[in-house]
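Please look at the structure shown below and consider how its metal site and its bound molecule are held. The report that follows goes through them in turn.

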Amino acid sequence: MFQEPKIAPSILSADFMNLESQIKLIEDAGAGYVHVDVMDGHFVPNLTIGVPVVKGLKKIARIPLDVHLMISNPLVQLPWYLGAGADMITMHVEAFDSVEDMQSAINQCHEAGVKAALSLKPKTPVSVLEPVIKDLDMVLIMSVEPGFSGQSYIEGSDLKVAQVVDMAKAAGVAPLIEVDGGIGLKTIAGVAKAGADVFVCGNAVYAQEDPAQALKDIEEVARQAQADLR
Ligand code: DX5
Ligand code: ZN
């Protein structure tokens, strides 16, 4: 929360036939993470990529892999991703049956030296994070329903970011706060002011004529929004 803004371009919007150059492009433009959207066709209707692609990305990426698991039964597949080269793994709270399972997933990440994050769909209240907030490296607030890139930002998502900030402060911790979905030039300032510091951008970077410049412009708006707070 309130760290130097980092843009995490989602390769879901990139050219899958040229992933290596698409990643180099965003690295050279100053991206903080490569955001990898794993969808299983069950937790969300869409189906994307899995372990072999994460392994391949790890060989070429110079910045950390931020792997967003939109999958059912995350405890079954988590070990595969821990071994594939993810630097940070985000799982959805809605996919767990119990707080104990959530805690176990977080512990497994940490035992493997991987950062642990949990994500909330737009309708899931922040309060579900209460029992585990102190152990999270990052919280991901979805600002669209997970499943597809190119959707419109859901207004009010900044309020959820602010609620995470309050909860974390009360618990005496300061996790990163990431927002994902419809983030771009017009929407980034609000969530940055609320306390987000990692910003997933799919179409707002990769679908632009000059993705490198788009990334820099978006990051600058976030930086300015944070500076306005001081
Ligand atoms: C949506 C994914 C997002 C998506 C973002 O379920 O988690 O990461 O690719 O794409 P944009 O930024 O275009 O909304
Ligand atoms: Zn994502």
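In this predicted model, the zinc ion (ligand 2) has as its protein donors H35 through NE2, D37 through OD, H68 through ND1 and D180 through OD, and these lie 2.0 to 2.3 Å from the ion. The arrangement around the zinc ion (ligand 2) is octahedral because its six donor atoms subtend angles of 70 to 170°, where octahedral requires that opposite donors are over 155 degrees apart and all others between 65 and 115.

Along the sequence, the donor residues of the zinc ion (ligand 2) follow the spacing H-x1-D-x30-H-x111-D. The pair H68 and D180 links distant parts of the chain, since H68 sits in strand β3 (residues 65–70) and D180 sits in strand β7 (residues 176–180), 112 residues apart. Both H68 and D180 are buried.

Ligand 1 has 20 residues around it, of which D37, G147, D180, G182 and G202 come nearest. Two of the names in that list, D37 and D180, are also zinc donors. The table gives polar side-chain contacts with ligand 1.

| Residue | Partner in ligand 1 | Distance |
|---|---|---|
| H35, polar side-chain atom | oxygen atom | 3.4 Å |
| D37, side-chain N or O atom | oxygen atom | 2.7 Å |
| D180, polar side-chain atom | oxygen atom | 2.7 Å |

Taken alone, ligand 1 exposes 380 Å², and the protein buries 99% of that area.

Technical notes:
Residues are numbered from 1 along each chain as its sequence is written. Chains are lettered from A and ligands numbered from 1 in the order in which they are written. This is a predicted model: local features need pLDDT of at least 70, side-chain atom pairs count only at pLDDT 80 or more; totals for chains, interfaces and linings use all residues. Side-chain values use heavy atoms; hydrogens and water are left out. Donors are N, O and S atoms within 2.8 Å of the metal (3.2 Å for Na, K and Ca); water is not among the atoms, so sites may look incomplete. Four donors count as tetrahedral if all angles lie between 85 and 135 degrees; four count as square planar and six as octahedral if opposite donors are over 155 degrees apart and all others between 65 and 115; anything else is irregular. Helices (H or I, at least four residues) and strands (E, at least two) are DSSP runs, numbered from the N terminus. Buried means under 20% relative accessible area, exposed over 50%, partly exposed in between (1.4 Å probe, protein chains only). A residue is near a molecule or strand if one of its heavy atoms lies within 4 Å of it. A polar contact is a pair of N or O atoms within 3.5 Å; within protein, one must be able to donate a hydrogen and the other to accept it, and residues adjacent in sequence count only if both atoms are side-chain atoms. Accessible areas come from the Shrake-Rupley method with a 1.4 Å probe; for residues, only the protein chains shown count as cover.
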